[in-house]
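Take a moment to look over the chain before reading on. The paragraphs below walk through its parts.

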Amino acid sequence: MIEGITTFAFGFVVKARDDLTLFTALCFVIRCIQGFGAACSETAVLIILGREFSENIGTVMGTVETFGGFEWNCRSNPLRVGMMVGPPFGGFLYESGGFSLPFIVMGSTFVLQIAFLYFVLPPSEVGKGGGHNVPWRSILTNPGILATGITVMFSMSALGFIEPTLSLHLSQPPYELSEGQVGLLFLASSAVYAVFAPLMGYASDRIGTKPIIIAGLGTCALGYLLSGPTPIADFLPRTV
């Protein structure tokens, strides 16, 4: 509900563009509230998956990631079938109806999901026992949790800066691509993600998560070094 309302509302902040201070403040406040809503829904999804499919969590998580990707949500969190459809569809809506239309459509879609989820999601088991309280101090000082948190933080940061920087770069000379064309270019990483997410989830159930994480971080590092392109690879073309 929160994500739907704030996404819908974000489509109308453009009406305050003549007042830069008000426009910036509205964008910041709405995005913060939207982030709160995303934290609620995505955390709940992870809990449900872990509870219902504890014995094959890697395969299940990989399959679910194929459809959306928790980190980017509708923003993005970055991405999956949803991210494959989103950029070109969002670019089409932008070209058809301007800035507001993509947010109106997505905000309405979020709200319409509520009735569907109410009847489909399993009942909550809060207060039925079977668990125990763990102090926050123990959670925040656990080496495994800290390492995982730092890994996720850097991964999402790396994914986050690509969209604003690459999209602006491609919309300027010498490329001058339209919004729809930029959206289509983002299909590449999303398509690869959609294909490999369930495969890596299945592999993690068989060989463990550590080799998958190490291989993934190494591949990401290599990809970002080459996408710059890096100064140590001057032979790479800087234009197309």
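Two residues are in contact when they have heavy atoms within 4.5 Å of each other. Keep that rule in mind, because this walk uses it several times. The model is a predicted one: local features need pLDDT of at least 70, side-chain atom pairs count only at pLDDT 80 or more, and totals for chains, interfaces and linings use all residues. Residues are numbered from 1 along each chain as its sequence is written, and side-chain values use heavy atoms, with hydrogens and water left out.

Start with the whole chain. It has 10 helices and zero strands. Helices (H or I, at least four residues) and strands (E, at least two) are DSSP runs, numbered from the N terminus. Read in order, the pattern is α-α-α-α-α-α-α-α-α-α.

Next comes burial. A residue is buried under 20% relative accessible area, exposed over 50%, and partly exposed in between (1.4 Å probe, protein chains only). The chain has 240 residues, and 23% of them count as buried. Its exposed area is about 15,900 Å², with 72% supplied by carbon and sulfur atoms. Such areas come from the Shrake-Rupley method with a 1.4 Å probe; for residues, only the protein chains shown count as cover.

Now go to helix α1, residues 2-10. Its buried residues are E3, G4, T6, T7 and F10. What do the buried residues of α1 pack against? They pack against α2 (20-52) and α5.

Helix α2 is the next stop. The expected span of a helix is 1.5 Å times one less than its number of residues. For the 33 residues of α2 that gives 48 Å, and the end C-alpha atoms are 47 Å apart, so the two values agree. Buried residues in α2 are C27, I30, Q34, G37, A38, E42, I48 and L49.

Helix α5 covers residues 100-120. Its 21 residues should span 30 Å; the end C-alpha atoms lie 31 Å apart, which agrees. Yet α5 has a kink of about 30°, centred on I114. The bend at a residue is the angle between axes fitted to the seven residues ending there and the seven starting there. In α5, S100, P102, G107 and F110 are buried. M106 is also found in α5. Is M106 buried or partly exposed? M106 counts as partly exposed because its relative accessible area is 33%. The C-alpha atoms of M106 and G90 are 9.3 Å apart, and these residues sit 16 residues apart along the chain.

Follow the chain into the loop between α5 and α6 (136-140), where L121 is found. L121 is partly exposed, because its relative accessibility is 42%. L121 also helps make a nonpolar surface patch of about 710 Å², together with F116, L117, Y118, F119 and V120. Patches are made of residues with over 30% relative accessible area and no salt bridge: like charges are joined within 9 Å, nonpolar side chains (Val, Leu, Ile, Met, Phe, Trp, Tyr) within 5 Å. A salt bridge is a side-chain nitrogen of Lys or Arg within 4 Å of a carboxyl oxygen of Asp or Glu. P122 lies in that loop too. Leaving aside residues up to four places away in sequence, P122 touches I48, R51 and E52.

Finish at S204 in helix α9, residues 187-207. S204 is buried because its relative accessibility is 14%. Leaving out residues up to four places away in sequence, S204 touches G58, T209 and I212.
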